[in-house]
Every structure is written in C-alpha cells, then in structure tokens.
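This report examines one protein model and describes a selection of its features. Please look at the sequence and the structure before reading on.

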Amino acid sequence: MAGETKSMLAAAAIAACLVSSAASAKSVRVVTADVNEIAGPMSTVWRDCVGADHGGLLLRQANQDHLRTVEGEIGFRYIRFHGIFAKDTDPYREIDGRPYYNFDRVNAVYAQVLKAGLKPMVEIGFMPTDLASDSRTIFYWKGNGSPPKDWGKWSDFITAFAQNLEANFGKEEVRTWRFEIWNEPNLDGFWSHGSQPEYFKLYDATARAIKAVDPALAVGGPATAGAAWVPDFLAHARQAKVPVDFVTTHTYGVAGGFFDENGVGDNKLVPDRAAITADVVKVRKEIDASATPGLPLYFTEWSTSYSPRDPIHDTYLSATFILDKLKATDKAAQSMSYWVYTDLFEEAGPPPSSFHGGFGLLNREGIRKPAYFAYKYLAQLGPQELRNSDAESWLTRNGDNFAGLIWNFTLPDQDQSNRPYFTKVHPSAAADPVELKLSSLKPGKYRLRIYRTGYKANDPYTTYMEWGRPDDLTADQIGQLQKQTADTPELDTLVKVGAAGTIARRIKFRTNDTLLVKMDFVGT
C-alpha cells in the first residue's frame with residue numbers, strides 16, 4: 001500500500017507539471033468518450049498500402065532493413081512501387097525481333113515483398129526498352145513512358161507476366177494482389193505525351209490480357225496525377241466493355257509555380273485545410289455518379305508534396321498533416337497509400353544528404369521522421385473506435401484498455417515557398433490544453449503513458465537544422481538522433497480508476513503536436 005500511495009502521489013505531481021505551463025490558457029479543449037459507446041471498427045484505410053520507388057531497390061539490403069523496421073512497428077498490408085519492368089529487373093529482351101522473357105529478378109522482388117509480410121499492389125510499367133516505341137525516359141533509373149511498338153507483343157508479354165506470377169507464387173496468393181495499370185499517364189514523360197486515348201488503349205489491352213489468364217485477378221486505373229480522368233475512364237471502360245475492379249489516382253498538398261530565394265522553381269503548401277480531402281471526396285462522388293457506383297477507391301500516392309526534394313517532408317508539421325487528412329477522408333477512400341516508406345529512393349538520383357526533403361517515413365540512415373510517428377501511433381490504437389465529437393482525435397478501445405490519438409493541425413503562416421521556409425527552425429506555439437475525460441472504465445489500476453511528437457519531440461530534423469544541415473551525419477550524430485527518436489513516453493505511471501469508472505487528465509498542448517495516450521488495465 002505504501003508503494004502504491006507513493007506511485008499515486010508521483011502521478012499527481014507529474015500531472016500537475018503537465019498542466020502548469022497551460023494553466024493561464026483562456027480555454028481548454030475537452031475531449032470526451034464513454035468507453036462503452038462504440039462507433040464501429042477503427043479505420044484501417046491508412047494501413048492498407050505504402051509506397052516505394054522502383055522494384056529493384058527492394059533487392060538491396062538497406063531498403064529491406066528499412067522495410068523491416070516499418071513493418072515491425074506499423075504493419076502496412078500492401079506495397080506499391082514503380083518500374084517492375086525497368087532495366088534492373090530486365091524481364092523482356094528482343095533478339096532479331098524475337099521476344100525473350102526472363103522473370104527471375106521480377107520474382108525476386110515480389111518474393112522480398114512477401115517475405116516482409118506485405119502483398120504487392122502491382123504497378124504495370126514502365127515499358128521494357130526493347131518493346132518501347134520511343135527512346136525518351138524519365139527518372140534517374142530511366143523509366144520509359146512510351147506505348148509499345150507492337151501491341152500484340154505487349155499483350156503476349158503481359159499474359160506471360162501474369163502466368164509467371166501464378167506459377168511461382170500460387171493462383172490463390174496472386175488473386176489477393178492488385179494490378180494497377182501504369183503510373184500518372186496524364187503527365188507527359190510518364191506516358192505518351194499525357195495522351196488519354198493512348199492510355200485507354202493501353203488499359204484495354206493490359207486488363208484484357210490479365211483477365212484472360214485469370215478472371216479473378218483484380219485490375220484498375222487510371223492511376224492519374226491530381227485526381228484526374230476518373231469520369232472519362234469509367235465511361236470509357238463501360239463503353240469498351242473492359243473490366244475495372246477498383247479506381248486509383250493521386251493527390252498532394254502543394255501547388256507549383258513558385259520560386260525559392262535563388263530563383264529556382266519550388267512548391268508551396270496549399271493554405272487550405274481542404275487540400276487532399278477535397279480530391280478524395282470529389283473522386284468518391286465521381287465514382288458513385290458513374291454506371292459502376294461503389295467501386296473501391298485507392299489513392300495510391302499521397303503526401304504533403306510531390307517533390308522528392310521538399311523539406312516539408314522532414315518537418316514535425318507532417319505528422320499532423322497526415323492525421324488531419326486521414327481522419328477527414330476515412331469514409332470516402334478504401335486506401336490512402338503514403339508515398340513512401342524510405343528516403344532510399346532514386347527518382348531524382350541517390351539521396352544527396354541525410355535530410356534532403358525526401359518522401360520517406362525514414363531518412364537515408366533509417367532515422368524515424370515525425371511522419372513515421374503518425375503511423376506508428378495509429379498502429380497502437382485499438383480495434384474499436386469510440387464515439388467522439390472532436391475532429392482532431394481518434395479514441396479507441398481494446399478490451400479493458402484505452403488508446404487515444406489527439407493532434408493539433410495548424411497551417412503555417414507561410415510567406416515563402418517550401419524550400420526557404422522549411423529549411424528554417426519554426427518553434428511551435430502554445431495551444432489550448434487538452435482535457436481528456438473518459439467514463440465507463442473498469443475500476444482498477446491502469447498504466448498511463450503519454451507519447452508526444454512535435455517540435456523537439458521525435459523531431460530529428462529540427463536538431464539537424466540546428467547542427468547547420470550537414471550533408472552527411474557522423475556516426476555519433478546518427479546515434480544522438482536515434483536516441484532522440486526512441487519515442488520515450490513523457491509520462492509513464494500508474495493511475496487508479498474508482499468505482500465511478502471515470503478519469504480526467506489535463507495535458508499541455510502546442511500547435512502541430514501529436515499525442516498518443518494509452519491506458520492499459522493492470523488489475524484491481
């Protein structure tokens with residue numbers, strides 16, 4: 001009893017410290033839940049899929065190590081990447097005009113995906129060099145976005161590709177995969193001058209070839225940038241009588257056309273909370289207004305920015321941006337695939353520095369970014385979502401245990417484009433403290449833990465900027481940042497819930513903070 005009393009006193013002292021800095025706040029943000037009021041199953045849209053660069057990178061040990069970290073703590077279900085037909089897998093050659101197939105390295109890539117515990121979201125593309133009608137390429141690794149020089153050879157190749165997958169991985173397994181046809185065909189360079197008629201021809205030939213191998217294989221498109229072409233695509237598919245099992249497209253939270261302080265082209269965060277959300281809702285309405293309403297909607301790329309050199313990806317703002325968009329689109333999309341899991345990514349060439357604005361949840365050295373913790377915290381929520389009127393939180397139950405994710409997404413007062421703005425340190429500001437009130441808890445003792453991501457909390461990029469943004473971190477610096485991002489709880493104590501089954505905790509808050517609050521029942 002004496003030890004328990006000391007523990008309770010310690011908890012009270014810590015809680016008082018948490019509140020003290022916000023005691024003078026004019027208002028309090030109250031977040032409440034009755035743990036018996038179940039709204040339904042917790043969303044898993046966020047977990048459905050994650051992105052990677054091109055398939056060959058998954059054969060590298062460092063990329064596999066990063067994926068193992070991500071899967072161990074987050075557990076995505078599918079992974080999508082470009083270039084399964086690129087030069088480093090080299091599945092198609094012609095000798096004297098005769099096609100030869102070699103799917104050994106293609107199969108090695110997909111074997112790594114399955115070994116990591118994921119399933120492939122197969123992106124069909126880019127065009128094999130010997131089958132391409134044009135020599136133009138895109139990206140450092142030279143993806144070819146041209147139509148095939150011979151449509152019959154393309155159909156035969158896709159037929160062989162699908163047959164090979166079922167022969168090597170089993171028909172029942174491959175039937176759980178998804179086949180997305182091409183990537184961003186509305187953009188010149190990615191596809192034949194962004195031609196919609198040429199893409200529809202590609203879709204028709206590819207979808208029919210896959211379905212001829214096995215009608216149970218799921219195919220979809222149009223995989224467009226900027227949530228484009230969906231009504232036209234669905235109307236075409238109906239008119240041409242080609243199968244569509246799901247719809248895919250992309251969206252990002254920046255606008256282009258800006259210049260940085262050196263006059264170099266740059267992007268800028270869209271100053272609108274409806275960014276991303278509006279695109280998802282729009283496409284959902286377009287599908288439901290079509291002749292095939294109810295088709296699954298998969299956003300197979302999304303993030304703050306479509307540039308692999310945008311420092312916004314590294315900032316603590318990214319965590320709350322992610323959560324804000326996922327909560328707002330939860331009922332409209334069936335998958336929101338974050339682009340991408342690691343900065344070991346080569347569209348614009350090998351990563352040039354430790355933090356370079358790369359897309360990844362992990363940086364080049366495997367250090368967890370703030371965006372990573374948005375997903376890590378989501379993975380720790382319970383399977384049952386509780387009724388809750390607060391728009392910036394998810395509250396959940398898992399048996400007698402509670403887990404809640406609470407955030408504050410505040411758009412920056414940004415008077416510059418992203419590169420000059422997000423390469424400076426921007427401290428957060430004080431926000432209203434959060435009063436978390438829970439009822440109908442089982443009486444007894446709970447282990448209460450609070451985790452925080454925000455300014456200088458799981459925030460390696462701010463430290464990196466304070467170090468002068470070195471190109472290459474030393475081993476000691478990497479160790480320091482790994483320690484800073486160990487996600488140690490700021491509060492870890494025992495609390496007691498009385499017979500009334502209620503508890504209330506006031507917690508300090510700052511702009512663009514993300515909090516994970518966990519209460520695990522330990523006994524009566």
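The following paragraphs treat a glutamate, a strand and the nonpolar cores.

This is a predicted model, in which local features need pLDDT of at least 70 and side-chain atom pairs count only at pLDDT 80 or more, while totals for chains, interfaces and linings use all residues. Residues are numbered from 1 along each chain as its sequence is written, and side-chain values use heavy atoms, without hydrogens and water.

E347 lies in the loop between β14 (335-338) and α10 (370-379); helices (H or I, at least four residues) and strands (E, at least two) are DSSP runs, numbered from the N terminus. E347 is buried but has no salt bridge. Buried means under 20% relative accessible area, with a 1.4 Å probe and protein chains only. A salt bridge requires a side-chain nitrogen of Lys or Arg within 4 Å of a carboxyl oxygen of Asp or Glu. Two side chains may be set beside E347:

| Side chain | Relation to E347 | Distance |
|---|---|---|
| R80 | nearest side chain of opposite charge | 7.6 Å |
| H82 | polar contact between side chains (N or O atoms within 3.5 Å, one able to donate a hydrogen and the other to accept it) | 3.1 Å |

Both R80 and H82 belong to β4, on one side together with Y78, while I79 and F81 are on the other. Five of the five residues of β4 (78-82) are buried. H82 is also the bridge partner of H54.

The largest nonpolar core (buried Ala, Val, Leu, Ile, Met, Phe, Trp, Tyr and Cys residues joined through side-chain atoms within 4.5 Å) has 108 residues. Helix α4 (residues 151-169) gives the most to this core, nine residues. A second, separate core has 24 residues, including A33 and M519.

Technical notes: Buried means under 20% relative accessible area, exposed over 50%, partly exposed in between (1.4 Å probe, protein chains only). Lys and Arg count as positive and Asp and Glu as negative; His and the chain ends are not counted. Two strands pair if DSSP finds at least two bridges between them.
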